[in-house]
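Subject: Handover of a structure for your review

Dear colleague,

Please find below the structure that I am handing over to you. The notes after it set out what was found.

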2 protein chains.
Amino acid sequence: MSAAAAAGPGLERFSINQMTVKQLGLPELVEACGEQGVTAVGLWREPIQEYGVKAAHDLFAEAGITVTSLCRGGFFTAPDRQAVLDDNRAAIDEAAGVGTDTLVLVSGGLPEGGGLVDARARIAEALAELAPYAADRGVRLAIEPLHPMYAADRCAVSTLGQALDLAEPFDAGTVGVVVDTYHLWWDERVDRQIADAGAAGRIHCFQLADWVTPLPAGVLTGRGQIGDGCIDMAHFRRTVDAAGYDGPIEVEIFNEAMWARDGREVLRETVDRYRAVAAD
Amino acid sequence: MSAAAAAGPGLERFSINQMTVKQLGLPELVEACGEQGVTAVGLWREPIQEYGVKAAHDLFAEAGITVTSLCRGGFFTAPDRQAVLDDNRAAIDEAAGVGTDTLVLVSGGLPEGGGLVDARARIAEALAELAPYAADRGVRLAIEPLHPMYAADRCAVSTLGQALDLAEPFDAGTVGVVVDTYHLWWDERVDRQIADAGAAGRIHCFQLADWVTPLPAGVLTGRGQIGDGCIDMAHFRRTVDAAGYDGPIEVEIFNEAMWARDGREVLRETVDRYRAVAAD
């Protein structure tokens, strides 16, 4: 493993989530990061599996790039409980294998025939099963609240408060939360809940994406580039910092128009937008 | 004005919002209601303006059909404050003119350069301007919280609690709230807030639509027929009833596939689905 690469000015905490520039393959991503002073990335399971977990680990380690998170475990409310647990143990192994301490969890929507309360009970049970396995491997489980528009089919955890309630029974070094501006900006309680999460040492991941309208069909790929939407990013950053968080700040944007562009140019634009938020 | 038409069995509180069957013109809607024992409708401004407010009033009054609400005033955060107030006074006049005591308000999204707190301040100011005008005409202003996915561009009031906070300075007979299952089902606080709204005498309108996925582009026309989605409608109805509400229950669904079908058949299906909820 080489020494850490040198971060560009103001990029000490910046991490690019690979989905933001998914048009770049892993070696291209590493090259582009090197060119632009980016020293940290967030990764996704599928491209890592395809490339090989060990090969991906070595690629980033040799370039001195830190892996700040792996997306994603979760979907705890699916019918086959054993398959769910097996897949999440595999995700924990992959996180450890690729060299990150943080696995992001998208918890799953409503179970067959059940409501939100049932869903959250299933999520709590799965966390209890998985937490010791994760702790043994030095991986933190980071529960990501998703916007309420995903509550039925993707994630019954819609607020940072609910995520914190689910994390509470566990050691803060093992189970925490993700603060993602896209999912939480609408909630009047979020500043207070960020303070609570920070005080509890449970902010394991901080992600930026902006809210733009109209939403596309399926509402998955309509996130906006930082500064293109309505979210006060600098306020979020200051609130998270004031809560005691000093970890990486990942930009994770799913946007068809951005994916259609040159990936290096998108990374450059993202770096510029991030710098403005970090300096504000 | 004729006597009230006779409601079909179990339909005493049922009201069909005209948008659910917008393929039916007003005279067809009246005929279909007569055939199916439906004695109440919720109306929208544009079709009423087109038909003529007085003519619409007379059409429904002569058929013995009650108008349970008019949609919609609001959009208080638009740049031209005077135009906003003028348009809302016109909406209040139209509500009185068509013979309903309830004007539904969709409050508007983020103002130019402002955030959610600014938006809600603008909404509060507009309500203060409009409440005396509405009270003088016997029209109740019903603030509708919309799902958080509309917070930026349509309605900065995302929860029943926020709507109640905005209503609180005013007489309950003048300013209240709309409880719409589609917008509120995801919120763990909603049962308690419905109880609060009922205790305050502020439930002015109760609307049903189901949550189905995937959401369509623009997320406006993807509401589901009652029973097709994940919302526990009977639980909502019982909660609203337990809060002391005994007024009309409107079904208001925006759904392209339902609009493409025969309107009378959609009304019949809606009546059947409603009966199941009312009996549960």
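In what follows, two residues are said to be in contact when heavy atoms of theirs lie within 4.5 Å. Please note also that this is a predicted model.

I begin with a residue to which this definition applies. A:Ser107 sits in the loop between strand E4 (102–106) and helix H5 (116–136) of chain A. Its relative accessible area is 1%, and buried here means under 20%, so A:Ser107 counts as buried. Which residues surround A:Ser107, leaving aside its neighbours within four places in sequence? A:Ser107 is in contact with A:Gly74, A:Phe75, A:Phe76, A:Thr77, A:Ile123, A:Ile143, A:Arg154, A:Cys155 and A:Val157.

The barrel

One of these contacts, A:Ile143, leads to the strands. Chain A holds a closed barrel of eight strands in the order E1-E2-E3-E4-E5-E6-E7-E10, with parallel pairing. On average, neighbouring strands of this sheet are turned by 30 degrees against each other, direction ignored. Strands of a sheet pair through backbone hydrogen bonds, in either a parallel or an antiparallel manner.

Two of the pairings may be described in detail. E2(A) and E3(A) run parallel and are joined by five bridges; A:Trp44 has A:Cys71 in E3(A) as its bridge partner. Strand E5 (residues 140–143) of chain A pairs with E6(A) over three bridges, again in the parallel sense. Here A:Ile143 stands opposite A:Val177 in E6(A).

How many of the six residues of strand E6 (residues 175–180) of chain A are buried? The count is six of the six, so the strand is largely enclosed by the rest of the structure. For chain B, strand E6 (residues 175–180) likewise has six of its six residues buried, so this strand is also largely enclosed by the rest of the structure. Strand E5 (residues 140–143) of chain B is joined to E6(B) by three bridges, and the two run parallel. The bridge partner of B:Ile143 in E6(B) is B:Val177.

Helix H3 of chain A

Helix H3 of chain A covers residues 53–62, and A:Ala56, A:Leu59, A:Phe60 and A:Ala61 are buried in it. The buried residues of H3(A) pack against several elements of chain A: helix H1 (26–36), strand E2 (40–44), helix H2 (45–51), strand E3 (66–74) and helix H4 (81–98). Two of these elements, E2(A) and E3(A), are the parallel strands joined by five bridges. Just after H3(A), A:Gly64 adopts a positive phi of about 70 degrees.

H3(A) also carries a salt bridge. The side chains of A:Asp58 and A:Lys54 meet at 2.6 Å, N to O. The two residues are four apart in the helix, which means that about one helical turn separates them. A:Asp58 is partly exposed, with 23% relative accessibility, whereas A:Lys54 is exposed at 58%.

Further salt bridges

Over all chains, the structure holds 44 salt bridges. Among them is the pair A:Asp228 and A:Arg273, whose side chains meet at 2.9 Å, N to O. A:Asp228 lies in the loop between strand E9 (223–224) and helix H9 (233–242) of chain A, and A:Arg273 lies in helix H11 (residues 263–279) of chain A, so this pair ties together parts that are 45 residues apart in sequence. A:Asp228 is partly exposed at 47% relative accessibility, and A:Arg273 is partly exposed with a relative accessible area of 27%.

Another salt bridge is formed by the side chains of A:Glu269 and A:Arg261 (3.1 Å, N to O). A:Arg261 counts as partly exposed, at 27% relative accessibility. In addition, A:Arg81, A:Asp86, A:Arg89, A:Glu125 and A:Glu129 are joined into one network by salt bridges that share partners.

The interface

Finally, I turn to the two chains together. 24 residues of chain A are in contact with 23 residues of chain B. The area buried between the chains is about 1,900 Å², and carbon and sulfur atoms give 65% of it. Which residues of chain B lose the most area to chain A? They are B:Trp185, B:Trp186 and B:Glu188, which together make up 24% of what that side buries.

As for polar interactions, the rule finds zero salt bridges across the interface of chain B and chain A. Four residue pairs are in polar contact between the chains, with both residues at pLDDT 80 or more.

Yours sincerely

Note on methods
Residues are numbered from 1 along each chain as its sequence is written. Chains are lettered from A and ligands numbered from 1 in the order in which they are written. Side-chain values use heavy atoms; hydrogens and water are left out. Buried means under 20% relative accessible area, exposed over 50%, partly exposed in between (1.4 Å probe, protein chains only). Two strands pair if DSSP finds at least two bridges between them. Axes are lines fitted to C-alpha atoms, for helices over the stretch in contact, and angles run from 0 to 180 degrees between N-to-C directions. Buried area is the accessible area (1.4 Å probe) that two parts lose on being put together, summed over both. A salt bridge is a side-chain nitrogen of Lys or Arg within 4 Å of a carboxyl oxygen of Asp or Glu. A polar contact is a pair of N or O atoms within 3.5 Å; within protein, one must be able to donate a hydrogen and the other to accept it, and residues adjacent in sequence count only if both atoms are side-chain atoms.
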